[in-house]
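Here is a short report on one protein model. Look through the structure first, then read on.

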Amino acid sequence: MKKIHKETTVAITHDHTMYSLAKRRSQGERAVFSRHYAPIIREGGVNVIGWVIGGDPPFFGIENKNAWWGSIELLDMIWQEAEESKDTLSICLNYQDIDNAVSDGKIAIILTMEGGFALENGVDQKSLVKLRTLYRLGLRSFQFVGQDWNNLINSSQEHPSPTQGLTSFGKDVVREMNDLGMVIDTSHIPDPDPVFQDIVEISQHPVIDSHRGVKGVTDIPRNISNERIKTIAKTGGVVGLQFFSLVLTNEPNRRATVNDLIKHIDHIVDVVGVDHVSLGPDFLDSDLANRSSDYYIEEIEGISDLHRVTDALMENGYSDTDIRKILGENILRVYKQVIG
């Protein structure tokens, strides 16, 4: 592992390892993070993780719960885990917590949620009680759309786009997240769609796409346009690049390589500069991702291989300053500004 990788605070914007942690805990294991995940995360030199703990649909180990109670159970589970694995894991509620965790050699976790179903069916359809409750339980980032549209979105259809933008409740959620200090994640919102535009017009804080690819390199519907990249950059936000092969290259019968990922990084840097790109692998090291090995970048089988991104950045002429930004400083800047 290169010296710069070891000396940099490496942060990834989106990861689903809670899937497999929940399964292990449901089978009776305890201190799962310290015993199983911390060693491989440290091997990859990662210090900070945007950790998905719920949303829609309810996740592994809690299949029979609805989105709200499933997410609450996962939150309870991760706080238990944080106590049992307190030598390696720190749930961070503000930027100082991140700084302290990294200084203490722990892995800093920012809790995030993927999808808005958990906010539905509260005391009334426009209540922000659930959002504030999730914040008090540690949630510091929220992705508006997961598997489908929800009552934050003004659409009579299930997921086809375009929609009519945010509902009045969705707009209130944006404002409340700004007031509370929560990072707004616009991943899974199609490009283009009025929902995205409503969010960036209302929000006073940076927004992120935590796990994406770019159409300028791989022109598929799930990737994002130059216009969207520019809009995110104008908010001060970042695009976290996903490590899925199908996102990084659409060449038939070829698995993506680290150099394909670098092409996506290069493209964002060319469009808006180096301050607005980050890494959002998504499913690395999740036992329950149910993906074949060729689903991911060829040289990166798990989070322990993340240093290979640094190697490739160096080989492609990126300066130490720019590498530190891509590996962590860009998303850490957003965390510092938004969650305080």
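## A threonine and its helix

In which helix does Thr231 lie? Thr231 lies in helix α9. The model is a predicted one, and every value below is computed from it.

Is Thr231 buried or exposed? Its relative accessible area is 18%. Buried means under 20%, so Thr231 counts as buried. Its side chain reaches the backbone oxygen of Glu227 at 2.9 Å. Beyond its neighbours within four places in sequence, Thr231 is in contact with Phe196 and Val200.

## The second largest pocket

Thr231 also helps to line a pocket, the second largest. Glu227 and Phe196 are in that lining too. The other lining residues are Asp191, Pro192, Asp193, Pro194, Gln197, Ser225, Arg228 and Thr231's fellow members just named. Two elements give two or more residues to this lining: α8 (194–202) and α9 (226–235).

How much space lies in the second largest pocket? The volume is about 180 Å³. By type, the lining residues divide into four charged, three polar and three nonpolar.

## The nonpolar cores

In soluble globular proteins, nonpolar side chains tend to be buried together. Here, the largest nonpolar core has 90 residues. Which of them touch the most other members? They are Trp51, Phe142, Phe144, Val173 and Ile265. Helix α4 (residues 67–84) gives this core its largest share, eight residues.

Take Phe142 as a case. Leaving aside neighbours within four places in sequence, Phe142 has contacts that include Thr112, Met113, Leu119 and Leu152. Val173, itself on the list of residues that touch the most other members, is also in contact with Phe142. Further contacts of Phe142 include Met177, Met182, Val183, Ile184 and Asp185.

Another core lies apart from the largest one. This other core has 16 residues, among them Ile98, Ala108, Ile208 and Tyr335.

## An enclosed helix

Why is helix α2 (residues 18–26) described as largely enclosed by the rest of the structure? Seven of its nine residues are buried, so the rest of the structure largely encloses it. The buried ones are Met18, Tyr19, Ser20, Leu21, Ala22, Arg24 and Arg25. Two arginines are thus listed among the buried residues, Arg24 and Arg25.

What covers these buried residues of α2? The cover includes α3 (32–43), β2 (46–55) and α4. Helix α4 is also the helix that gives eight residues to the largest nonpolar core. After α2 comes Gly28, whose phi is positive, near 105°.

Methods:
Residues numbered from 1 in each chain as written. Predicted model: local features only at pLDDT ≥ 70, side-chain atom pairs only at ≥ 80, totals over all residues. Heavy atoms only, no water. 1 Å grid on protein atoms, 1.4 Å probe; cavity = no way out; pocket = protein on both sides within 12 Å on 5 of 7 lines; lining within 4 Å. Points joined across faces, edges and corners; volume = space filled by probe spheres on them. Helix = DSSP H or I, 4+ residues; strand = E, 2+ residues; numbered from the N terminus. Nonpolar A, V, L, I, M, F, W, Y, C, P; charged D, E, K, R; others polar. Core = buried A, V, L, I, M, F, W, Y, C linked by side-chain atoms within 4.5 Å. Buried < 20%, exposed > 50% of the residue type's maximum accessible area, 1.4 Å probe, protein only. Contact = heavy atoms within 4.5 Å. Polar contact = N/O pair within 3.5 Å; in protein donor to acceptor, adjacent residues only side chain to side chain.
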